[in-house]
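Grab a pencil and work through these short exercises with the model open beside you. Try each task before you read its solution.

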Amino acid sequence: MNKKTSCTRINSKCIYCQNSEGEFKTQEHFFPESLGGGEWSVLPDGLMCDACQRYFGTKVERLALSDWPFNFVRFNMSIPTKKKKPAQMDTDLGHMTACKIPGYSKIHLKSGVSIADKFPQLEIQIPAFPNEPRLVCRTLVKIAIGSLANIKSVNIFAPQFNPARQFSRFDDNRIKWWYLERVDRGKMRKAFELGADV
Ligand SMILES: [Zn+2]
């Protein structure tokens, strides 16, 4: 959570809870920094209240971004966390940590696991499913709302976006949301070999 250096604009209104009251003092990346969101992804001032930012950060995104498939993307692209720690993944053998050298990773084996038993054909199983699919979905919808808010021709406060707001911010389960996962393995491989420019 970065503090803004500029003043809050007069007509602040949160794109998630639609409140105009409260503090609007922090800077938000609509595309998470831990997925590679840079300066280009900073939401314009006055569009997200501090209460919503705190809520998403602690209750939704913290768990979702360390869950499948975000953890895999972050790991393969060696994208560090906001606190500049390397991305990590749990495997059946133990903890895997992305190295600063693209294409390499460190594995911290669980105690009692013998690496000799696994050679010469070392296999690592990575759970390829989300533990918290609802939080992953709410994070995706949150990113979508933030992305749309950044497009000048879109009226993000239009009622058509209310169900998305209700789901991502308030966990409203009246509408079922789902998502598809598409992987470009070539691009993924390239990012793994060359690292992400973040
Ligand atoms: Zn809000």
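**Exercise 1.** Which residues in α1 and α4 meet?

Solution. A word on the ground rules: this is a predicted model, where local features need pLDDT of at least 70 and side-chain atom pairs count only at pLDDT 80 or more, while totals for chains, interfaces and linings use all residues. Residues are numbered from 1 along each chain as its sequence is written.

Step 1: on the α1 side you should find F56, V60, E61, L63 and A64, and they meet L135, V136, R138, T139 and K142 in α4. Contact here is C-beta atoms, placed from the backbone, within 7 Å.

Step 2: sort that set, and you get six nonpolar, one polar and three charged residues. The classes are Ala, Val, Leu, Ile, Met, Phe, Trp, Tyr, Cys and Pro as nonpolar, Asp, Glu, Lys and Arg as charged, and the others, Gly among them, as polar.

**Exercise 2.** Work out how α1 and α4 are oriented.

Solution. Step 1: the axes of α1 (residues 50-64) and α4 cross at roughly 110° and come within 8 Å. Axes are lines fitted to C-alpha atoms, for helices over the stretch in contact, with angles from 0 to 180 degrees between N-to-C directions.

Step 2: α1 and α4 are therefore roughly perpendicular, the label for 65 to 115 degrees.

Step 3: the crossing of α1 and α4 is left-handed, meaning the near helix is turned anticlockwise from the far one by less than a right angle.

**Exercise 3.** Now do likewise for α4 and α5.

Solution. Step 1: α4 (residues 133-149) packs with α5 (residues 162-170) at about 130°, their axes 8 Å apart. That makes α4 oblique to α5, since oblique is what remains once angles under 35 (roughly parallel), over 145 (roughly antiparallel) and the perpendicular range are taken out.

Step 2: α4 passes α5 in a left-handed crossing.

Step 3: R138, V141, K142, A144 and I145 of α4 make the contact with A164, R165, F167 and S168 of α5. By class, the residues of this contact are five nonpolar, one polar and three charged.

**Exercise 4.** How do β3 and β4 pair?

Solution. Step 1: β3 (residues 88-90) and β4 (residues 94-98) pair in the antiparallel sense over three bridges; pairing takes at least two DSSP bridges.

Step 2: β3 and β4 form a hairpin, with three residues between them. D90 stands opposite H95 in β4.

**Exercise 5.** How many helices and strands does the chain have?

Solution. Count six helices and five strands, taken as DSSP runs (H or I, at least four residues, for helices; E, at least two, for strands) numbered from the N terminus.

Methods:
Contact = placed C-beta atoms within 7 Å.
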